[in-house]
Amino acid sequence: MHQLFSQVLDQRDLSRAGDLFSLEDTEIEDCLSQALDQIKDISCSPDYLTNDNDQAVVEICITRITTAIRETGSIERHSTALVGLWESCLEHNLTPQGENTEDMPHAKIASDITSCILQNYSCPLVMVLAVPVAVRFLQRGNRELSRNMSSYLSLVAIAKADLLAEHTEAITLSVMGGNHMLLRVLPSFYPKQPHTIHCHLSSLTAMMTQLESPEKPHLICLIQMVADQHPLMLGPQVPSLISYLSDHSLTEALLGALVDVSQASPSSFTSFLPALRIVGQQSTALLGNVARIHGAVGIINETYAHSSLIYLVSLLGSTDHSFHHTLLQEIRALTDRYPSVLGGSGKDIYRMSNSFTAIARLLGRRLEERAAAPCRVDEAGPSLLAGRGGGGASEQLLQVKIQSFDEKMGDVVAEEEEVGKDSPAPQRCYSLSQAVREERREMRFNRSKSLALHIVRSRSINSDTGEDCQGAEPNPDSCFSNTLSTQHPKNYTKRKTETAPSGGVNRRKEEEEEDDKLFIYLQDNMEMIKEFCKNMVRQIPVPEHCVIEDSNGGCVAKLSFSCPLKGFYCLYAKSFFNLTSTQPHLWIHIMLLHLQSESSVPLSSRDKCVQRLAFLWEKTQLKGSHSFSMAMTQNTTPLRKDLDNLQMQLEEVRFFDLFGYSEDEGSWLCFMCNNPEKATVVNQEGQPLIEGKLKEKQVRWKFIKRWKTRYFTLAGNQLLFRRGKSKDEMDDIPIELSKVQSVKVVAKKRRDRGLPRAFEIFTDRKSYVLKAEDEKHAEEWLQCINVAVAQAREKENREATTYL
């Protein structure tokens, strides 16, 4: 063994331990295994738990050894000794006892060694030794150690899934015990150990409500794999899976898995069709999968087929054309399986595939007839919708007219094109997209066919009822409606009436508004914008001021937020919460939508507030980029992921510590105005805002994890802490909050789960690194400190204003 290593370990010489870092890695490479064995002997000695000197020596030596192993790439050479020391930690207590929240000495050793071993997850020789030991650590009750172990095991599962697969039972039990991070590895094991996971499928599925957002996709992935390979195993879990559809982040993926389950076990869904229909109503993009599940249930028997057909047919006549192929497939499968549901005339109805609305109407009518007279079967056959008396004759006449329809389509298309030159092309009544003035020839062709079929059918039905319609002109609005362009005629008229001082000026402004693309766009989408902003303002605050500035990375928006209530203890009555954002375009878009939502009439490009936003927009643009009006009309509302990014940025700067949305006021208020009862108490002399124990980092070196527990009190303009752990121990050391420059979260490593526990307070003299007991307490301390700092700054601003 190297002489210095021998001296430090034999004599437990802490004063020379730091000198180990002055040695070259190659000088000590040969003696690392021997040093690890000696450290194992020291850590297993009876007095190790109470000997701070020995603990410090061991901690520094392990750090030096693991550094040398990484630098020299000698992990395979020393893996036996390293894993041996690691495993010896399992023989000791790793869980903090009583009120003591500090890591136990052997837990610190295990934590330092874990990364050195498991970072080599692609090395088979090391993993063969390490994986069985790593799995044992999961059951030892040390929460932080278990989390770190889980992060590395996730990497091992990617590289060497076979090594972990034999421990599937232990890992699954750890997951169900609360170690949710390991959920991500279960899909890797499932193809190799499906039966083990099937035994716990009910418990795993029930965990969904306990998981955080980043963890849920891993459970969904496992459910999808089971649904794809063994769908019958999920039959008993259908009730709980259906209940999770209310979580919009899971709905699409979960519904796809339920489609697979419905093909294997349709009877599991019979009680949940109404709930699935509600899901389809809330998100039309999911109607395809909802329809497939109805189709699967309909195969059970003729009763379910009739019930499913009623729903599918209603969708056929009211949904966007992108779903028609799926709907027709499901309808056709049910009518082929149970022809008597339609009385045997289904094929004749499908020949009218050039008009989905007509097909839906005729199918619906036939389903009603069959429900009213289930035993009545028409043996005539050839007619499209056979009936009795005059009704049957009219339907036969309708069949003849439809057969001759295709011969006249060329004339109808030509006529439609002539009409389209002078008027905007109409849109289907079930379309959800914006109306456009010109559409492709194929779309005009389909619309013309549907319109002609509608006219043929209307005249046939009217002749049955005795109405004279020979001289009537067809009205396209009876079948189509341009819903978006005629949403707010009253608002449009009101605006022109209020702003028109004279006839000539009125006409001129009307012409300007007709050419104002932004005005037309906002007018067409006012209701959609109001609905969007109604939800958006509860998640994203609208800034009071915005300034665009150039920076090295491009233009940035400097945003200012204040509290509109400005109460007696308000944190931002004389000051602002400032935020610099690299997404100025998104903020400008949000500000425009907010202005429109607050207005009862459509805004136009001539409005001063819009012109100010346009001016900001132009400052952010490069030459040749989209103009303000064109950019604002590209997308009605920002994408969900863009809003999530803004929310994350606000969280990073701790905005939500200082502001909260008030339903009563309908705006974002500061912490004090939102909580007046707390403001009164906090501002009493000597009344603490929060107090309790925190750990203070004693050594600035990152690789040495030495923390000291102290008792902290946040009151008035000071953060006081005592040298001891007790509230009664004196020797206060104050941190003046008015001198605090910033409070930042200490970033955790990517493998660590959850919110960080540590944070750093920067003053004009020094900084303090503090760590709370857990994430919840860390959040409470961060919010209280930020509130107190803001309060101290506001007090200074008020005093300065009073002095001036």
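## A first pair of strands

Strands β1 and β2, the latter covering residues 554–561, run antiparallel and are joined by 7 bridges. Within this pairing, D550 has C555 in β2 as its bridge partner. The model that shows this arrangement is a predicted one, and the confidence attached to its parts is taken up further below.

## The three-stranded sheet

The pair belongs to an open sheet of 3 strands, arranged in the order β1-β2-β3 with antiparallel pairing. Because β1 (545–551) and β3 each have a single partner strand, they stand at the edges of the sheet, and one side of each is left without a neighbour there. From one strand to the next, the twist averages 25°.

Two helices can be placed against these strands. Helix α31 packs on the sheet, where it touches β1, β2 and β3, and its direction makes about 45° with that of β2. Helix α32, which spans residues 608–620, lies across β1 and β2 and runs at about 15° to β1.

## The chain as a whole and its confidence

The chain has 804 residues, of which buried residues make up 48%, and it contains 38 helices and 12 strands. If one takes the contacts between residues at least 6 apart in sequence, 64% of them join residues at least 24 apart.

The mean pLDDT of the chain is 76, with 73% of the residues reaching 70 or more. Among the elements of the chain, helix α31 (residues 584–598), the helix that packs on the sheet, has the highest mean pLDDT, at 94, whereas helix α27 (residues 489–498) has the lowest, at 34. Over residues 374–489 the pLDDT stays under 50, although the model has 126 contacts beyond four places in sequence for this stretch. Residues 749–755 also stay under 50, and for them the model has 19 such contacts, again beyond four places in sequence. Where pLDDT is low, the predicted coordinates should not be read in detail.

## Aromatic rings

A search of the whole structure finds 15 aromatic pairs. The rings of F577 and F655 form an edge-to-face pair, because their planes stand at 80° while their centres are 5.3 Å apart. This pair links distant parts of the chain, since F577 lies in strand β3 (residues 577–581) and F655 in helix α35 (residues 655–658), 78 residues apart. Both F577 and F655 are buried. F655 also pairs with F656, where the ring centres are 5.5 Å apart and the planes are at 90°, so this pair too is edge-to-face. The two partners differ in their surroundings: F655 is buried, with a relative accessible area of 1%, whereas F656, at 24% relative accessibility, counts as partly exposed.

F577, F655 and F656 belong to one aromatic cluster, which is formed together with F561, Y572, W587, F659, Y661 and W668. Of these, Y661 is found in strand β4 (residues 659–662). Leaving aside the neighbours within four places in sequence, Y661 is in contact with V537, R538, G666, S667, W668 and N674. Y661 and I540 are 121 residues apart in sequence, while their C-alpha atoms are 9.3 Å apart in space.

## Strands β6, β7, β8 and β12

Further along the chain, strand β6 (residues 688–697) runs antiparallel to β7, and 9 bridges join the two. In this pairing K695 stands opposite T709 in β7. β6 also pairs in the antiparallel sense with strand β12 (residues 767–771), here over 2 bridges, and E696 stands opposite L770 in β12.

Strand β7 (residues 707–715) pairs in turn with β8, again in the antiparallel sense, over 5 bridges, and Y711 stands opposite R722 in β8. The hairpin of β7 and β8 has 2 residues between the strands, and in that hairpin G716 takes a positive phi near 60°. Strand β8 (residues 718–722) is largely enclosed by the rest of the structure, because 4 of its 5 residues are buried.

## Charges over rings

Two contacts of a charged end with an aromatic ring complete the picture. The charged end of K771 sits over the ring of W707, 4.4 Å from its centre. In another part of the chain, the charged end of R277 sits over the ring of Y311, at 5.1 Å from the ring centre.

Definitions and conventions: Residues numbered from 1 in each chain as written. Predicted model: local features only at pLDDT ≥ 70, side-chain atom pairs only at ≥ 80, totals over all residues. Heavy atoms only, no water. pLDDT = per-residue confidence, 0-100. Contact = heavy atoms within 4.5 Å. Phe/Tyr/Trp six-rings, centres within 6.5 Å; stacked < 30°, edge-to-face > 60°. Buried < 20%, exposed > 50% of the residue type's maximum accessible area, 1.4 Å probe, protein only. Lys NZ or Arg CZ within 6 Å of the ring centre and 35° of its normal. Pairing = 2+ DSSP bridges. Axes fitted to C-alpha atoms, helices over the stretch in contact; angles between N-to-C directions.
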